[in-house]
Amino acid sequence: MRKQNFQTVSWFNDIYRRDLLNLSPSYQRRSVWSQEYKDFFIDTILLNYPAPALFLFEEIDTNGVAKYNVVDGKQRLTTIFDFVDNKFPISEKATNKNLRGKYFDDLNNDIKINIWNYSFIVEYIPSENESIINDIFDRINRNTAKLSAQELRHAKYSGAFITTSENMTDLFYSELRDNVPRITSQARKQMKDVEFVAQLLLLIEEGPKGYSQEEIDVAFNDRDEEWVNETYVVELFKRAINVIKEIWANDESGKMKGSRLMNQADFYSLFGAIILNLKEGKIYLAPAYYDKLMDFMDKVNDEEYRSNNPSFENYYQNARAASNRTSARKDRIQILQDYLNTNL
């Protein structure tokens, strides 16, 4: 029979101080939190938002004394214990600006009591057999839909950059046709289209650059409360989308839909080349650019032609493995821009 209840931070702190809480049993699921994760979790508690359940194995001895082994939740609990012991302050990025930089002892009594009263759902594991524990967590993971990095950003942020990224994604779909570039319905559900558009916005602001998920997190965070370049970036984004729309209008044969431009790496390259030209004040003639663009993509796909033309081979290779690294993005954009501008 499953056992489940709610326990407060105060309860966990009490049994921890009385040495009735084992944070590191042999079967403890291993993970290490960075300070950023700790800060975000403390912010969650301060907001009184729900957190995932904690998993314990309860042992009761013949004297009726209960001890608890932490099966899953060590990082959350140690973060709390360290915070209430004043080992680190509330983050400078915390939602409540008035609390930023304060240690637990600096907080007023009402906030301290709210922290002590914060409740977790506690699930009690029926056995300490490691194979059973592993099977339980395997089933939990299979039955839980994991959020993508962008879905987590959508939940965390509500400011300038996330709002603009999502609005520009809507514009993206309303202005461009044929699902260009190709983003699957499943990827859209995970908001990976918003992440792609966010990188196009960052391309305008910072130039071509490869981003890890952690670096994208930083970009969203830094532009959440205030985005200084928002107006400039959005204006250029809309102009670039309009240029692509005009180029696409010349695709009477439907050739573009079957071209490399359906790939995100190639679309990123086209968008980047257009942005460079817009920044440099170059004038577009959509029919001519359409012909040049199709010719370029045909040559990139022609293995024999590439073998005698290093720039096309360079573009091709940089659109394959590690296509999102900074150097690959820069090289592709520059090669495509140079070709599009030749004799125009």
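**Second largest pocket and open sheet**

Helix H9 contributes the most to the lining of the second largest pocket, with 4 residues. The model is predicted. The space in this pocket amounts to about 200 Å³. Two elements give two or more residues to the lining: H9, which spans residues 192–206, and helix H12, which spans residues 264–279.

The lining comprises Ile183, Ala187, Lys192, Glu195, Phe196, Gln199, Gln264, Ala265, Tyr268, Ser323, Asn324 and Arg329. By class, 5 of the lining residues are nonpolar, 4 are polar and 3 are charged. Phe196 and Tyr268 are among the nonpolar residues. Lys192, Glu195 and Arg329 are charged. The polar residues include Gln199 and Asn324.

The model also contains an open sheet of 5 strands. The strand order is S1-S5-S3-S4-S2, and the pairing is mixed. Strand S1 (3–8) and strand S2 (21–22) form the edges, each pairing on one side only. Helix H3, residues 74–84, packs on this sheet. H3 touches S2, strand S3 (54–60), strand S4 (66–72) and S5. The direction of H3 makes about 115 degrees with that of S4.

Strands of a sheet pair through backbone hydrogen bonds, in either a parallel or an antiparallel manner. S1 and strand S5 (residues 119–124) run antiparallel and are joined by 6 bridges. Across this pair, Phe6 stands opposite Ile121 in S5.

Key
Residues numbered from 1 in each chain as written. Predicted model: local features only at pLDDT ≥ 70, side-chain atom pairs only at ≥ 80, totals over all residues. Heavy atoms only, no water. Pairing = 2+ DSSP bridges. Contact = heavy atoms within 4.5 Å. Axes fitted to C-alpha atoms, helices over the stretch in contact; angles between N-to-C directions. 1 Å grid on protein atoms, 1.4 Å probe; cavity = no way out; pocket = protein on both sides within 12 Å on 5 of 7 lines; lining within 4 Å. Points joined across faces, edges and corners; volume = space filled by probe spheres on them.
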